[in-house]
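Got a fresh model open and wondering where to start looking? Let's go through it by question and answer.

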Amino acid sequence: MVKRRGRGKSVGSADPVPDSQLPSVSIAMVNATTLLGVVLLARHGDRVEFFQDPFTYNPAQTFLTALGSVQEQTLGAFLRATYLDPSSPAVIDGINADVADINQLDIRADAGGEGAVILTSVQGLLQGLYPPTTDNNITLANGTTVVAPLGGYQAIPVESVEPNEDISLEGFTSCPNFDNHISQFYASPEFAAEATIAKPFLEQLQYYLGNRSIDFVNMYNIFDFVNVQLQHNATFLAELPATYGAQAYYYANFHENGVFTDASPGGIGNIAIRTVLPSIFTSLDRIANASDPLKLALSEISYKPFISLFNVTQATIADPGIAGIVDYASAVALEVHAPATPSDEPTVNMRFKNGTSDPTFHDLTLFGAGSLPLSQFISQLAPSAVNTTQQWCTVCNQTTLRGCSVYFE
């Protein structure tokens with residue numbers, strides 16, 4: 001089971017892990033067949049305070065910190081040690097380890113409401129995944145060898161996914177039916193019961209919150225304020241009672257898990273991952289295709305799709321501790337392994353690393369199994385996928401924004 005942070009720690013508060021201390025990959029955790037490639041989902045790094053409208057999740061601007069960049073670089077170095085190091089039991093077969101082959105990579109980042117935080121984060125991750133090398137050079141016609149700047153810095157192309165042009169990485173905003181789902185959750189007996197339990201704690205916490213609302217509806221924003229202050233405000237860290245950070249995290253996990261899940265895989269509560277699924281399917285199929293050069297696909301995202309992914313794959317049944325807000329610089333890996341025999345097909349398994357304080361990947365289940373044939377994995381989730389903007393407009397009942405007006409004229 002993947003354990004959540006201990007009492008009183010803030011999310012993403014781990015100290016950066018030097019490359020020399022990165023853990024080796026346990027052979028027991030890795031499928032014995034050849035690893036053909038991996039599809040990665042990674043959360044951004046540490047940032048300053050971030051406000052979201054609790055009824056629509058429309059976000060305000062925020063900014064990545066230096067710590068956040070280091071967390072992402074550390075994650076990238078870990079992924080390098082796991083998937084690019086020839087001595088790793090999980091090395092990807094045929095991937096260029098030192099100088100990036102951009103044909104083997106597909107990198108995307110959500111460029112939505114959190115501003116440049118996610119887009120900037122992926123640059124830090126890539127610096128750890130493919131660090132500068134003097135092998136990144138070119139020899140000119142006159143015989144002069146020129147090494148790329150900064151000792152061989154590798155500039156890897158990143159697709160900036162703008163929500164108003166592509167709903168795939170942020171399908172949960174501007175979605176009226178999702179807004180209705182949120183309101184229904186807030187009106188549920190389950191929410192009311194948890195709000196009653198949380199009330200005494202929030203009344204005690206209010207002293208430290210300034211004029212921020214302690215309505216349980218606002219629980220994510222309460223947690224985010226506490227979490228950011230614990231990381232960046234020494235006075236706040238010294239004055240806040242030791243258990244309050246963990247308590248705020250606990251209630252925020254309940255809150256966000258209720259918002260970003262649904263009883264049915266195809267329910268609107270899972271919209272955060274339903275729009276991501278088509279790109280996951282495409283990348284998995286490409287990796288399994290021997291004639292396609294793709295080896296590693298990465299989507300840099302917020303915490304929301306992680307919650308929905310763990311729900312729709314039923315991973316939380318075996319590991320309930322993963323339900324909720326993943327830490328900064330967390331990563332999910334969907335690994336594609338070669339067939340065990342010529343008559344079989346490639347298989348997919350899922351692994352999770354919860355931030356920089358988590359030393360290694362942990363195996364998660366997919367629909368109760370350790371791994372699934374690729375076709376079965378896709379067929380299980382395909383009915384829930386939102387494949388086009390037009391389909392998203394219908395699913396969300398959005399008739400004007402993000403180009404939806406052309407479908408409702």
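Below are some questions on confidence, cores, strands, a loop proline and a helix.

Q: What is the mean pLDDT of the chain?
A: Keep in mind that this is a predicted model, so confidence comes first. Of the chain's residues, 92% reach a pLDDT of 70 or more. The mean pLDDT is 92.

Q: Over which residues does pLDDT stay under 50?
A: Where pLDDT is low, the predicted coordinates should not be read in detail. The model does have 86 contacts beyond four places in sequence for the stretch in question, but take them with that caution. The stretch is residues 1–30.

Q: Which residues touch the most other members of the largest nonpolar core?
A: That core has 85 residues. One of its top members, Phe-377, is in contact with Phe-281, Leu-284, Leu-334, Val-348, Leu-366 and Leu-372, leaving aside neighbours within four places in sequence. Another core, of 30 residues, lies apart from the largest one and includes Leu-79 and Phe-361. The residues that touch the most other members of the largest core are Leu-205, Phe-310 and Phe-377.

Q: Which residue in β6 is the bridge partner of Ala-109?
A: Strand β2 (residues 105–110) is largely enclosed by the rest of the structure, because five of its six residues are buried. Five bridges join β2 to β6 (residues 296–301), and the two run parallel. The partner of Ala-109 there is Glu-300.

Q: Which residue in β5 is the bridge partner of Arg-108?
A: β2 also runs parallel to β5 (residues 159–161), with three bridges joining them. For Arg-108, the partner in β5 is Glu-159.

Q: What is the relative accessible area of Pro-132?
A: Pro-132 sits in the loop between α2 (117–129) and β3 (137–139). Beyond its neighbours within four places in sequence, Pro-132 contacts Leu-150, Gly-151, Gly-152 and Tyr-153. Buried means under 20% and exposed over 50%, and Pro-132 counts as partly exposed because its value falls in between, at 41%.

Q: How many residues of helix α6 are buried?
A: Helix α6 covers residues 219–232, and its end C-alpha atoms are 20 Å apart, which agrees with the 20 Å expected for 14 residues at 1.5 Å a residue. Its buried residues include Met-219, Phe-223 and Leu-230, and what covers the buried set includes β1, α5, α7 and α8. The helix is largely enclosed by the rest of the structure, since the buried count out of 14 is twelve.

Conventions:
Residues numbered from 1 in each chain as written. Predicted model: local features only at pLDDT ≥ 70, side-chain atom pairs only at ≥ 80, totals over all residues. Heavy atoms only, no water. pLDDT = per-residue confidence, 0-100. Contact = heavy atoms within 4.5 Å. Core = buried A, V, L, I, M, F, W, Y, C linked by side-chain atoms within 4.5 Å. Buried < 20%, exposed > 50% of the residue type's maximum accessible area, 1.4 Å probe, protein only. Helix = DSSP H or I, 4+ residues; strand = E, 2+ residues; numbered from the N terminus. Pairing = 2+ DSSP bridges. Expected span 1.5 Å × (residues − 1).
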